[in-house]
Amino acid sequence: IVSRESREGNTVVKVRGIPIGGEAIQVIAGPCSVETPEQMDAAAEAVRAAGCRLMRGGAFKPRTSPYAFQGLGISGLAYLQNAARPRQLPIVTELMDVRMLEVFLEYDVDVIQIGARNMQNFDLLKEVGKVNKPVILKRGLSATLSEWLMAAEYIAAGGNHNIIFCERGIRTFETAYRNVLDITAIPALKRETHLPVIVDPSHAGGKAWMVPSLALAAVAAGADGLLVEMHPKPCEAWCDADQALTPQELSALMSSLRGVAAAV
Ligand code: PEP
Ligand code: MN
């Protein structure tokens, strides 16, 4: 279903009327984690002011250490929705556990994110395949393109064809940065699938100063959009502080994107 053999042209996934995979590059921005209502309000205002049309924020966080902040859980979904909804920003947030799917639907999450660590959580993929919500499927830490395509096929097989691939960097021998952004994957994947492909430059580089270069490279290579971490006060972020853009940096990135892409 996800392969180009199954249909002509490109699929445009619509999120509350916003097209992903069409002419315009869509930028989804927001903090790594939902922290407080005040932080979310400031973040949503910055997302809107920069001209991004969708907002991200994690309420359930897949942390390496069980002692690290695990996300606010359900109250995080409420803070995210309360900040984004008045500004007409559809929300993107990560689902880690099938048992939370009902709650995601109750809180009217617009895009369900499947994180890198769950790319091959087949039971989770089957469940999101049964709902009528767009899904962002992040690439696993060391997943090949064919494994990634097959993971998307699990979702599509259930009837949900609204899938967006997200390249977020892969693990290699290099330790100088968090992950290696696989730019090669963008044209390679787009040759195989009619579905949109976006890029997360934040988790790829792991440093805020790298994000603009990686974002521009991704768009130049054909990415349909970006997923970018931004925090009103990066140095106070509870999670992934090093890679968060400031609101000003996000606005500057949006201006430079307008220079390389037809429409942002
Ligand atoms: C995230 O986007 O917050 C995240 C945890 O990303 P990844 O699954 O790519 O590590
Ligand atoms: Mn993060």
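Which residues of α8 are buried? The tour below leads to that helix by way of the whole chain and the ligand.

**Before selecting anything**

This is a predicted model, in which local features need pLDDT of at least 70, side-chain atom pairs count only at pLDDT 80 or more, and totals for chains, interfaces and linings use all residues. Residues are numbered from 1 along each chain as its sequence is written, while chains are lettered from A and ligands numbered from 1 in the order in which they are written.

Colour the protein chain by pLDDT, the predictor's confidence in each residue, from 0 to 100. The average over the chain is 97, and 99% of the residues score at least 70. For the model, ipTM is 0.99 and pTM is 0.98.

**The whole chain**

Show the protein chain as a cartoon: nine helices and 10 strands appear. Helices (H or I, at least four residues) and strands (E, at least two) are DSSP runs, numbered from the N terminus. The C-alpha atoms occupy a box of roughly 45 × 40 × 40 Å along the principal axes. The radius of gyration is 17 Å, which agrees with the value near 18 Å for a compact globule of 264 residues; it is taken over C-alpha atoms, and the globule rule is 2.2 Å times the number of residues to the power 0.38.

Of the 264 residues, 52% are buried. A residue is buried if 20 or more other C-beta atoms lie within 10 Å of its own, exposed if 12 or fewer, and partly exposed in between, with C-beta atoms placed from the backbone.

**Ligand 1**

Select ligand 1 next. The residues around this ligand include Cys-32, Glu-94, Arg-117, Lys-138, Asp-200 and His-203; the criterion is a C-beta atom, placed from the backbone, within 6 Å. The shell divides into three nonpolar, three polar and five charged residues. Here Ala, Val, Leu, Ile, Met, Phe, Trp, Tyr, Cys and Pro count as nonpolar, Asp, Glu, Lys and Arg as charged, and the others, Gly among them, as polar.

**Helices α8 and α6**

Now select α8 (211–220). Its buried residues are Val-211, Leu-214, Ala-215, Ala-218 and Val-219. Seen down the axis, these fall within an arc of 130°, so they line one face of the helix; the arc is that of the directions from the helix axis to the C-beta atoms. They pack against α6, β9, α7 (201–205), β10 (225–229) and α9 (247–260), where a contact requires C-beta atoms, placed from the backbone, within 7 Å. Just after α8, Gly-222 has a positive phi of about 110°.

Move to α6 (residues 185–192), where Ala-185, Ile-186, Leu-189 and Lys-190 are buried. These residues cover an arc of only 120° around the axis, which puts them on the same side of α6. Their cover includes α5 (145–157), β8 (163–167), β9 (197–199) and α8.

**Leu-124 and Gly-129**

Finish with Leu-124, which is found in helix α4. With 21 C-beta neighbours inside 10 Å, Leu-124 counts as buried. Beyond four places in sequence, Leu-124 touches Val-98, Ile-114 and Asn-118.

Gly-129 sits in the loop between α4 (122–128) and β7 (135–138). It counts as partly exposed because it has 19 C-beta neighbours inside 10 Å. The residues that Gly-129 touches, leaving aside those up to four places away in sequence, include Tyr-154, Ala-157 and Asn-160. His-161 lies 32 residues from Gly-129 along the chain, with 7.8 Å between their C-alpha atoms.

Conventions: Contact = placed C-beta atoms within 7 Å.
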